[in-house]
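Visitor: Could you take me closely through one part of this model, the sheet and the helix that packs against its strands, and then place that part in the rest of the chain? I would like one connected account.

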Amino acid sequence: MGNLRTITMTMRELDRLKTIQAVVDGNLRAVTAAGRLQLTRRQVDRLVERLRVEGVAGLKSRKCGQRHHQLSPGLANQALAIIRDRYADFGPTLACEKLLERHGIVLGKETVRRLMSEAGLWIPRALRSPKIYQPRNRRYCVGELVQIDGSDHRWFEDRGSACTLLVYIDDATSRLMYLHFTYSESTFSYYEATRRYIELHGKPQTFYSDKASVFRCNQKSATGGDSHTQFGRAMYELNIESICANSSQAKGRVERANLTLQDRLVKEMRLEGISDMAAANAWAPSFMADFNNRFAKPLRNDFNAHRPLRVDEDLDLIFTVREKRKVSHALTLRYDLAIYMLTDGKATRKLVGSYIDVYEYPDGKIEIRADGAALPYTLYDRLGEIDQGEIVENKRLGHVLQIAQLVQAQRDSRHGLSAPARTNQGRPSVKPKAAPGTKPQRALNAQDVEAAIRKLALA
């Protein structure tokens, strides 16, 4: 009788005991018990072994009687008092950070979230009232507002790689105005598509887009100038208003069109046997004509709000990427790890110390302009390479040139890190990666030269 002791079990643990006991007695299969208890077969086997070795107490939860992580007495009330007094309108994450930084109170952000929710200082997102998006009336005229968006999808299914479709749709009629297949939503890709749109239809009054980095700049000190992106600057010069939607529902016409295109366009191209972007761009006008005949809304006003280009609007100059660079006392400026040396002259000497524009064209051409005029220059590549021919011809300097060549092998010789992506020229928007063991040119030091000398001496 002295060995008897009381074991307190919950109803769940009691049901588990009956099921495991049935397995031990051979009245129930372990697989059936696992499904009944919602456990794995291995866990049932472990419980059977514990029942045989330890008895009924072996099925008791091992966490029973353990001290769990608990807040110190009064800590929750102290934290809530501070939050009510100073951080009542803060979110749980920010309030948690300020409790640690300013008051030395260490709490987890989920703990702070729970305390604020129980105190009514924070409403969980699941309990908030849904946001209402009321419909917006269509514009009256074609070209008054054009919604643009990029849709990344496997447009060619397994016949080709995934790519992006740039969609231009008229808000007044839901008419597809232009479709352009490209690798990604880059500045030059939108330049190419927008230029073709303007050549076909003229300049719309407004472009309505999302807040992608092509359209919206969040950095006030952006080098593109005055907190505008390169695309925004081009639209400003063309007198086309750019509006960024605050939600996907706000530009729902182009979003719904994307869903339709991802179904209908994909299947149409499958029937046509189209499997690459060049063929898709060539075939897109015929698809748009059929699509608009089926789904475009009737005009409410016959007036076409598109405007023709002015004589002074040069699309070649407008659709460029521009960066400001300062002219040094040596009449040089730097752009994309290269030095551009201006031709010495009376006009260029006046530019010393001032900032001028570097124009980069979609085809990769670089032009330096000041006061609306292009300046002559010569290019000096800071990442020039020493070839074997130079070493052979310079017998006296051969050893030194070999050392320099070994040092250059450790240099990160990538161009194009600061240049815009060129998905308009038939290649993906992938920045070149540094080779293993290389580092920037400015990081090379005397230790690297000494290592090259030792390596050459051992060769």
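Guide: Two strands count as paired here if DSSP finds at least two bridges between them, and that criterion underlies the description of the sheet that follows. The model is a predicted one, and the part you ask about is an open sheet of 5 strands, arranged in the order β3-β2-β1-β4-β5 with mixed pairing. The edges are taken by β3 and by β5 (241-244), and because each of these has a single partner strand, one side of each is left without a neighbour in the sheet. On average, and with direction ignored, neighbouring strands of this sheet are turned by 20° against each other.

Within that order, β1 and β2 run antiparallel and are joined by 8 bridges. One position in this pairing can be picked out by name, since Ile148 stands opposite Tyr168 in β2. Helix α10 packs on the sheet, where it touches β2 and β3, and the direction of α10 makes about 160° with that of β3. A cysteine in the segment that forms β2, which spans 163-170, is Cys163; it is buried, because its relative accessible area of 2% falls under the 20% cut-off.

The helix to follow alongside these strands is α9, which covers residues 252-272, has 21 residues and reaches 29 Å from its first C-alpha to its last, close to the 30 Å expected at 1.5 Å a residue. That span goes together with a kink of about 35° in α9, centred on Leu261. Leu261 also belongs to the buried residues of α9, which are Gly252, Arg253, Val254, Ala257, Asn258, Leu261, Leu265, Val266 and Met269. These buried residues pack against three strands, β1 (146-153), β2 (163-170) and β3 (176-182), and against the helix α10 (277-295). The antiparallel pair β1 and β2 is thus met again among the packing partners of α9, as is the edge strand β3. After α9 comes Gly273, whose phi is positive, near 75°.

To place this part in the whole, the protein holds 15 helices and 12 strands, and 38% of its 459 residues count as buried. Of the contacts with a separation of 6 or more, 66% are accounted for by residues 24 or more positions apart. Further along the sequence, 4 strands form another open sheet, in the order β6-β9-β10-β11, with antiparallel pairing. Its edges are β6 (321-326) and β11 (373-374), and because each has a single partner strand, one side of each is left without a neighbour in the sheet. There β6 pairs with β9 (residues 355-360) in the antiparallel sense over 6 bridges, and Arg322 stands opposite Tyr359 in β9.

Two further details belong to the wider picture. Cys96 counts as buried, because its relative accessibility of 12% is under the 20% limit, and the structure as a whole holds 0 disulfides. Gln43, which lies in helix α3 (residues 41-54), counts as partly exposed at 22% relative accessibility, and its C-alpha is 9.8 Å in space from that of Ala30, with the two positions 13 residues apart in sequence numbering.

Definitions and conventions
Residues numbered from 1 in each chain as written. Predicted model: local features only at pLDDT ≥ 70, side-chain atom pairs only at ≥ 80, totals over all residues. Heavy atoms only, no water. Helix = DSSP H or I, 4+ residues; strand = E, 2+ residues; numbered from the N terminus. Expected span 1.5 Å × (residues − 1). Bend = angle between axes of the 7 residues up to and from the residue. Buried < 20%, exposed > 50% of the residue type's maximum accessible area, 1.4 Å probe, protein only. Contact = heavy atoms within 4.5 Å. Disulfide = S-S within 2.5 Å. Axes fitted to C-alpha atoms, helices over the stretch in contact; angles between N-to-C directions.
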